[in-house]
Structure formats: C-alpha cells, structure tokens
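Here is a quick tour of a protein model for someone seeing it fresh. We'll look at confidence, pockets, a recorded domain and a couple of odd backbone spots.

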Amino acid sequence: MSLFWVVVRQLAEIEAMAASKKVIPREEWERKLNNVKIRKEDMNKLVMNFLVTEGFVEAAEKFRKESGTEPDIDLATITDRMAVKKAVQSGNVEDAIEKVNDLNPEILDTNPQLFFHLQQQRLIELIRNGKVEEALEFAQEELAPRGEENQGFLEELERTVALLAFEDISNCPVGELLDISQRLKTASEVNAAILTSQSHEKDPKLPSLLKMLIWAQNQLGEKASYPRINDITTAALEDSA
C-alpha cells in the first residue's frame, strides 16, 4: 500500500473518531463543574502551601491573618531559607554554607551530593572571578578527594575544571556552568533540602495540580468535545473548535 493511501486511511480514521466523540454542551459542563464542591479551607491551605514553599514570607503572613490559615512551619524559618537561597544566587556560596549549618548542620552532613554541588559552585565562582590558582588549589583539596569516592562527582569536577582551558567561554562546551541558570539550579537544590529537613514538601502542590488539570483535559478531549480551560491564568472556559 502506498504512503498516500496510508495517510488517507489515517485521516479517515481520525475523522471517524472525531465524529464519534461525545459532545458536551457548555450549559451541561458548567452544571457539572458547579456540582463539584471544594472547601474554602482546602483552597486556602493550597495557597498557603505555595506561599510557604516559594518563600513569600510577607504574603504568607498577610494571608494567615486574612484567612486564618496557619502554615505548617514557622514563618520565621522562611526568611532564613530565603537568605540561603539569595546567597547562592548571588554567588556567595561560602556564606550560604554557613547559613545552612546555622539552620541545621545535619542537612549537609547527611546530603553529600548537595554539599558537593555547593563546593562545585564555589569553584565555579572562583573561576568566574579569574582566581585561577585559588580555583585549582580548591579543586585539588576540597573536590578531588570526593571525586575519588564517587564517579559522578569526578565527572562533574572534570567538567568544571575544563572551564580553565578556555579563554573564550563562548567556545567552551561547558560554558553553561557560568550561566545564572547554574546558580539558580544549585539554589533550588539547597532550598529543597532545607524544606525536606523541615518535613515540608520540597515542591508546591499548586503547579502539580495545574499539570494534572492539563493532563486530565487532554485525556478527556480524546473521548469528548467539551468547553476546556486553555489559559490557566484566567481559567476561562473556551468552546472546542
């Protein structure tokens, strides 16, 4: 069978599937949605979870007063956690490590990968600032021993040290290590570890629920035609084409 006829047959099958889809009118769909009851208390907890996890301490405090929703951790710890995150994002890794140890020394003691990544970020900052000799000494004394114990650490160390071999970073195959995104990645890892140490989810629930909404709509869209939410910022229902 030629490719042309294969395509024709597939198109015919798609049209038949579309024709067999159940059509749910807007009125019926809105009625179904309105019949779903969600407690305001649960919605408030979802908002508080997002504010706490993302570190919006002032907004969390204001929301606590307005809604009466109590956070599951001390809001004062958010300020400390954000100070650590800000330090990493600013390239002050040594200061960030001290702050983490002040919060809870066990975080780094029990997470060798996190500690290595923080030390790796320190090395990156030394290279960024042109401190070549200090960077080589730091890599040899602080990171090399850890690389000998862990093959993954060794490979990451080798990639980082490779930055020293290029005067023009734009031609360096690992130049992305000097991007701000690398700082953000390390800061996010530290943030997640602190949250975990406080028995709090490392990721907010709201984004996961929104992803679940999109997935559920796509699954339903294969079987029925119905008004759906295409823009989650407005949550407005849009009729299917």
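Before we get to the pockets, a word on naming: helices here are DSSP runs of at least four residues, numbered from the N terminus. Keep in mind, too, that this is a predicted model.

How sure is the predictor overall? The mean pLDDT of the protein is 88, and 91% of its residues reach 70 or more. Confidence isn't spread evenly: helix 1 (residues 3-20) has the lowest mean pLDDT of the elements, at 53, while helix 8 has the highest, at 96.

Now for the pockets. The largest one holds about 670 Å³ of space. It is lined by 18 residues, and those closest to its centre are Leu33, Ile38, Leu210, Leu213 and Ile229. Helix 2 (26-34) and helix 12 (205-221) each put at least two residues into that lining, with helix 12 giving the largest share, 8 residues. The lining of this pocket has 17 nonpolar residues, 1 polar and no charged ones.

The second largest pocket has about 240 Å³ of space. Of its 14 lining residues, Glu94, Arg122, Leu126, Glu134 and Phe138 sit closest to the centre. Helix 6 (93-103), helix 8 (112-128) and helix 9 (132-149) supply at least two lining residues each, and helix 9 gives the most, with 5 residues. Which classes make up this lining? There are 8 charged residues, 3 polar and 3 nonpolar.

Here are the two linings by class:

| Pocket | Nonpolar | Polar | Charged |
|---|---|---|---|
| Largest pocket | 17 residues | 1 residue | no residues |
| Second largest pocket | 3 residues | 3 residues | 8 residues |

What does the record say about domains? An unreviewed UniProt entry places a "CTLH" domain at residues 77-134. In the model, that span is 83% helix and 0% strand, and its end C-alpha atoms lie 34 Å apart.

Last, the odd backbone spots. Ser199 isn't a glycine, yet it has a positive phi of about 60 degrees. You'll find Ser199 in the loop between helix 11 (180-197) and helix 12. Is Ser199 buried or exposed? Its relative accessibility is 71%, so Ser199 counts as exposed.

Ala235 also has a positive phi, near 60 degrees, and is likewise a residue other than glycine. Ala235 sits in the loop between strand 3 (228-229) and strand 4 (237-238). With a relative accessible area of 44%, Ala235 is partly exposed.

Definitions and conventions:
Residues numbered from 1 in each chain as written. Predicted model: local features only at pLDDT ≥ 70, side-chain atom pairs only at ≥ 80, totals over all residues. Heavy atoms only, no water. UniProt positions renumbered as here; feature names shortened; annotations may be inferred. 1 Å grid on protein atoms, 1.4 Å probe; cavity = no way out; pocket = protein on both sides within 12 Å on 5 of 7 lines; lining within 4 Å. Points joined across faces, edges and corners; volume = space filled by probe spheres on them. Nonpolar A, V, L, I, M, F, W, Y, C, P; charged D, E, K, R; others polar. pLDDT = per-residue confidence, 0-100. Buried < 20%, exposed > 50% of the residue type's maximum accessible area, 1.4 Å probe, protein only.
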